[in-house]
Amino acid sequence: MSLGPPQLPSPAPTPGSGILPQHTTTDVGPSDQAALRAELESQLLKLSQDLYELEICAGDVGQGMEDAVPNYLMKVNQGFINLERIAGQLGESVPHQVVDHIDRYKNPHQFTKNTLTRAVGENQYALGRVLGLESFRRQLYDSLKEELPEVPLPDRKHQPISPPKTDEDTNNGEVRAEQVNGDADVKREA
């Protein structure tokens, strides 16, 4: 029984062969990237189908099917070569952690969800610190201005953006909320 061609083409250069892969990444437009993603998806589907058929063929070798396994191996190998060619043209990358999640049979969306949740938490923590420091700065500035009116205080280099004044209606009458430098002063009018 023959295993087909004596040597299958390699999708990647053999270490020490002196042949380095030539990746040519050029400025490709969004429509070209979309076409590359579509081609990549079709190549991946074709490769998974070839691997499935290889598994079936290898498990059921009958009379006259001696060359089927090597033929499928060549198809799979050609699929890897095509993927390597497409990979050199794509301008996008997948984080290594996402690939690890997929390899460990975990949902990659869980990694995205955890990353976003952690980023939101860190942003909220940072915002709390900034608002706390701004409140402290405002209280310190007001206290210094009251206690030492003769001492000129330096102007701020950066002024915080003050939110617009809002009017709110409630059941007990009209409530007007004035916000000055982030603090809300609520005044009731009868």
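Which residues does Gln43 touch, not counting residues up to four places away in sequence? In this predicted model, the residues that Gln43 touches under that condition are Gly79, Asn82, Leu83 and Ile86. Gln43 itself is found in helix α1, and because its relative accessible area is 13%, below the 20% limit, Gln43 counts as buried.

**Overall make-up**

The secondary structure of the protein chain consists of four helices and three strands, and these follow one another along the sequence in the pattern α-α-α-α-β-β-β. Of the 190 residues in the protein chain, 14% are buried, while the area that the chain exposes comes to about 15400 Å², with 56% of it supplied by carbon and sulfur atoms. When contacts between residues at least 6 apart in sequence are taken, 50% of them join residues at least 24 apart.

**The nonpolar core**

The largest nonpolar core has seven residues in all, namely Leu47, Leu54, Cys57, Ala68, Tyr72, Val76 and Leu83. The elements that give two or more residues to this core are α1, spanning 30-59, and α2, spanning 68-87, and the largest share, four residues, comes from α2. Val76, a member of this core, is in contact with Leu47, Asp50, Leu51 and Leu54 once its neighbours within four places in sequence are left aside. Leu83, which also belongs to the core, is one of the residues touched by Gln43.

**Rings and charges**

The structure holds zero aromatic pairs. A ring does take part in another kind of arrangement, however, as the charged end of Arg137 sits over the ring of Tyr141, at 5.6 Å from the centre of that ring.

**Confidence**

The average pLDDT of the protein chain is 74, and 67% of the residues score at least 70. Two stretches with pLDDT below 50 are set out in the table, together with the contacts that the model has for each of them.

| Stretch | pLDDT | Contacts in the model |
|---|---|---|
| Residues 1-6 | below 50 | seven contacts, beyond near neighbours in sequence |
| Residues 175-190 | under 50 | 34 contacts, beyond four places in sequence |

The contacts listed for residues 1-6 thus belong to a stretch where the pLDDT is below 50, and the 34 contacts of residues 175-190 likewise come with a pLDDT that stays under 50.

Definitions and conventions:
Residues are numbered from 1 along each chain as its sequence is written. This is a predicted model: local features need pLDDT of at least 70, side-chain atom pairs count only at pLDDT 80 or more; totals for chains, interfaces and linings use all residues. Side-chain values use heavy atoms; hydrogens and water are left out. Rings of Phe, Tyr and Trp (its six-membered ring) pair if their centres lie within 6.5 Å; planes under 30 degrees apart count as stacked, over 60 as edge-to-face and the rest as tilted. A charge sits over a ring if NZ of Lys or CZ of Arg is within 6 Å of the ring centre and within 35 degrees of the ring normal. Buried means under 20% relative accessible area, exposed over 50%, partly exposed in between (1.4 Å probe, protein chains only). Contact means heavy atoms within 4.5 Å. Accessible areas come from the Shrake-Rupley method with a 1.4 Å probe; for residues, only the protein chains shown count as cover. A nonpolar core is a set of buried Ala, Val, Leu, Ile, Met, Phe, Trp, Tyr and Cys residues joined through side-chain atoms within 4.5 Å. pLDDT is the predictor's confidence in each residue, from 0 to 100.
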